[in-house]
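Reader: I have the sequence and the model open. Can we go through them together?

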Amino acid sequence: MKKLLLCCGSLALLASCSASKDESRSNRTSTTPVAHNTVVECILYDGMTKDSPQLTTIGSGNEVQVMDTVDAYFLKVRVTANGKTQNGYMYRTCFSK
């Protein structure tokens, strides 16, 4: 009887933890791009490595729309440069904290 009660209690605890995780994900305030200004001159890359093809160079103070925080080093961004909109990746260090 004690084992059954312990097992049911453990399952209830796990279910409540996973339910709260799902609820917190659905409460995101914004999934649209957020505009930021660069603080240094940076390169817009086609991929997430320094060896990826360079799409363009963005000067300091230009506005960039951050679409996603991809990993610890790169952000997925949308840039309008020379009248042309491009999507690519920039280093996080291009922006202020």
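**Rings, core and pocket**

Author: Tyrosine 91 counts as partly exposed, because its relative accessibility is 24%. Buried means under 20% relative accessible area, exposed over 50%, and partly exposed in between, with a 1.4 Å probe and protein chains only. This is a predicted model: local features need pLDDT of at least 70, side-chain atom pairs count only at pLDDT 80 or more, and totals for chains, interfaces and linings use all residues. Residues are numbered from 1 along each chain as its sequence is written, and side-chain values use heavy atoms, with hydrogens and water left out.

Reader: ok, what does the secondary structure of the protein chain come to?

Author: One helix and six strands, in the pattern α-β-β-β-β-β-β along the sequence. Helices (H or I, at least four residues) and strands (E, at least two) are DSSP runs, numbered from the N terminus.

Reader: And how much of the protein chain counts as buried?

Author: 22% of the 97 residues.

Reader: Back to rings. How many aromatic pairs are there?

Author: Three. Rings of Phe, Tyr and Trp (its six-membered ring) pair if their centres lie within 6.5 Å; planes under 30 degrees apart count as stacked, over 60 as edge-to-face and the rest as tilted. One of the pairs is tyrosine 45 with phenylalanine 74, which is edge-to-face because the planes are at 85 degrees, with the centres 6.5 Å apart. Tyrosine 45 is in strand 2 (residues 42-45) and phenylalanine 74 in strand 5 (residues 74-81), so this pair links distant parts of the chain, 29 residues apart.

Reader: which ring pairs with tyrosine 91?

Author: Tyrosine 45, again edge-to-face, at 6.0 Å centre to centre and 85 degrees between the planes. Here strand 2 is linked to strand 6, across 46 residues. Tyr45, Phe74 and Tyr91 form one aromatic cluster.

Reader: Why is tyrosine 45 called buried?

Author: Because its relative accessible area is 4%.

Reader: New topic. Which residues make up the largest nonpolar core?

Author: Cys42, Leu44, Ile58, Val64, Val66, Leu75, Val77, Val79, Ala81, Met90, Cys94 and Phe95, 12 residues in all. A nonpolar core is a set of buried Ala, Val, Leu, Ile, Met, Phe, Trp, Tyr and Cys residues joined through side-chain atoms within 4.5 Å. Strand 5 gives the most to this core, with four residues.

Reader: Say I click on leucine 75. Where is it found?

Author: In strand 5. Leucine 75 counts as buried because its relative accessibility is 7%. Leaving out residues up to four places away in sequence, leucine 75 touches nine others listed here: Val66, Asp68, Thr69, Val70, Gly88, Tyr89, Met90, Arg92 and Phe95. Contact means heavy atoms within 4.5 Å.

Reader: is glutamine 86 buried or exposed?

Author: Glutamine 86 counts as buried, because its relative accessibility is 16%. Glutamine 86 lies in strand 6 (residues 84-91), and its contacts beyond four places in sequence include Leu44, Leu55 and Val77.

Reader: Last thing: which residues line the largest pocket?

Author: His36, Val66, Thr69, Leu75, Arg92, Thr93, Phe95, Ser96 and Lys97. On a 1 Å grid over the protein atoms alone, a pocket is an open set of points where a 1.4 Å probe fits, with protein on both sides within 12 Å along at least five of seven lines; lining residues have an atom within 4 Å of a point.
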